[in-house]
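Dear colleague,

I am handing over the structure below for your records. My findings follow it, arranged by topic.

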Amino acid sequence: MLLKIAVGCDHTGIEHLNELKKYLSEVSLEYGIEEVVELNGEDYPEVALSAANAVSSHTTDRAVLICGTGIGMCIAANKVKGIRAAVCNTPELAAISRKHNDSNIIAIGARLITPSLIPQIIEKWLSTDFEGGRHAERLNKISAVEENPLSLKYGKSGERLTIFDHPLIQHKVAMIRNKNTSVKDFRDLIQEITSLMVYEITRYLPTVPIKVETPLAITDAVACEGRSLAIVPIIRAGIGMVEGILQLIPNAKVGHIGLYRDTETLNPIEYYCKLPDDVNEREILILDPMLATGGSAVAGIELIKKHGGQKISFVCIIAAPEGITKVHEEHPDVHIYTATLDSHLNDHGYIVPGLGDAGDRLFGTE
Ligand code: PRP
Ligand code: URA
């Protein structure tokens with residue numbers, strides 16, 4: 001494989017950088033180095049961040065950065081997703097950073113080593129392969145946090161939690177929280193938020209190849225396999241989310257589950273269940289704007305599993321940490337999508353700050 005390597009330094013590393021460029025041109029054939037790109041910047045953060053962006057976006061394969069100690073470059077580069085930068089001021093560290101950490105950037109300290117050590121460090125770094133195995137498993141844990149920072153807070157279950165930070169969604173969530181929002185606006189907003197969330201939720205929906213005739217030619221295209229989706233609102237409040245999905249995926253089948261929370265015990269009481277016959281073959285989205293204690297969600301998931309449903313996600317608009325933990329403890333296979341994550345539940349099991357009783361606000365029964 002041909003390598004593109006970015007190099008850069010701050011004011012302390014000019015002599016070392018010259019040695020580095022000289023060495024890389026001497027060994028370019030040996031290590032398949034196709035191109036060495038020199039990056040400039042006002043100070044080490046600019047140099048490190050432009051190198052890290054180049055590596056992260058695959059514009060270049062690796063980078064070598066030089067500042068006083070290597071530490072500043074390393075800290076800055078590691079802010080960018082996909083970067084595994086290591087300070088390597090000895091050949092041994094350079095080799096280990098490849099073997100164990102699959103380092104794609106190394107940072108070197110010009111105040112700590114002489115330029116003459118540069119070739120030895122780079123030689124080890126270029127000639128050592130990543131060992132994979134247990135080291136790959138460890139790196140996967142770090143990547144999981146990059147993909148979804150909540151995996152830190154929720155451990156492994158954070159990998160099955162998506163919180164939508166899109167400004168439009170957050171803007172509309174602020175409006176439904178407002179106690180002065182009218183029933184009509186509340187209803188419209190719940191639908192709009194659900195539609196916006198569907199973009200991400202259906203990312204893995206199967207597609208089928210189709211042919212389309214444009215005014216100019218027949219071309220290959222893809223269509224969503226809408227028939228493979230079932231949406232199951234939990235009555236009442238989940239009903240408010242249905243249209244937001246059907247407007248985009250009209251072929252989806254709709255099941256219904258009726259549950260209400262006992263006001264004393266907060267336990268869900270089932271009063272209705274009608275699911276599509278082929279629920280076992282479909283991707284299932286359970287809809288309910290509120291995930292509070294998690295009792296209703298868990299009961300809904302259990303009902304669907306009892307009827308053969310397997311590929312289940314839970315879609316809500318406001319979630320409490322208590323509900324997320326309960327669903328993930330009892331149904332670790334279920335992915336939760338929520339527009340926002342609130343602080344806690346009050347003594348009556350209501351989400352704080354929340355929006356009050358979602359069913360009442362949707363149907364004007366307050
Ligand atoms: C609300 C909400 C959920 C449930 C969430 O329904 O729509 O279904 O509470 O709370 P939980 O996570 O603690 O179970 P509610 O029981 O008020 O019934 P409704 O939709 O008929 O008003
Ligand atoms: N159900 C609601 O409608 N709101 C809450 O805050 C909790 C449960």
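For the residue classes used here, Ala, Val, Leu, Ile, Met, Phe, Trp, Tyr, Cys and Pro count as nonpolar, Asp, Glu, Lys and Arg as charged, and the others, including Gly, as polar. On that basis, the shell around ligand 1 consists of five nonpolar, four polar and four charged residues. Please note that the model is a predicted one.

Regarding the ligand site, 13 residues surround ligand 1, and those that come nearest are Arg261, Asp288, Ala292, Thr293 and Ser296. At least two shell residues come from each of β11 (256–261), β14 (290–291) and α12 (295–306). The side chain of Arg261 places an N or O atom 2.6 Å from an oxygen atom of ligand 1, and for the side chain of Arg236 the corresponding distance is 2.9 Å. A polar backbone atom of Ala292 also lies 2.9 Å from an oxygen atom of the ligand. Ligand 1 taken alone exposes 500 Å², of which the protein buries 91%.

Regarding the protein interior, the largest nonpolar core has 36 residues, among which Met197 and Ile317 touch the most other members. Several helices and strands each supply at least two residues of this core, including α9 (167–177), β9 (229–235) and β15 (311–319). The helix α10 gives the most, with seven residues. Among the residues that Ile317 touches are Val173, Ile190, Met197 and Met241, as well as Asp288; Asp288 is also one of the residues that come nearest to ligand 1. A second, separate core contains 27 residues, including Ala299, Leu303, Ile312 and Val327.

Yours sincerely

Methods: Residues are numbered from 1 along each chain as its sequence is written. Chains are lettered from A and ligands numbered from 1 in the order in which they are written. This is a predicted model: local features need pLDDT of at least 70, side-chain atom pairs count only at pLDDT 80 or more; totals for chains, interfaces and linings use all residues. Side-chain values use heavy atoms; hydrogens and water are left out. A residue is near a molecule or strand if one of its heavy atoms lies within 4 Å of it. A polar contact is a pair of N or O atoms within 3.5 Å; within protein, one must be able to donate a hydrogen and the other to accept it, and residues adjacent in sequence count only if both atoms are side-chain atoms. Accessible areas come from the Shrake-Rupley method with a 1.4 Å probe; for residues, only the protein chains shown count as cover. Helices (H or I, at least four residues) and strands (E, at least two) are DSSP runs, numbered from the N terminus. A nonpolar core is a set of buried Ala, Val, Leu, Ile, Met, Phe, Trp, Tyr and Cys residues joined through side-chain atoms within 4.5 Å. Buried means under 20% relative accessible area, exposed over 50%, partly exposed in between (1.4 Å probe, protein chains only). Contact means heavy atoms within 4.5 Å. Lists of a residue's contacts leave out its neighbours within four places in sequence.
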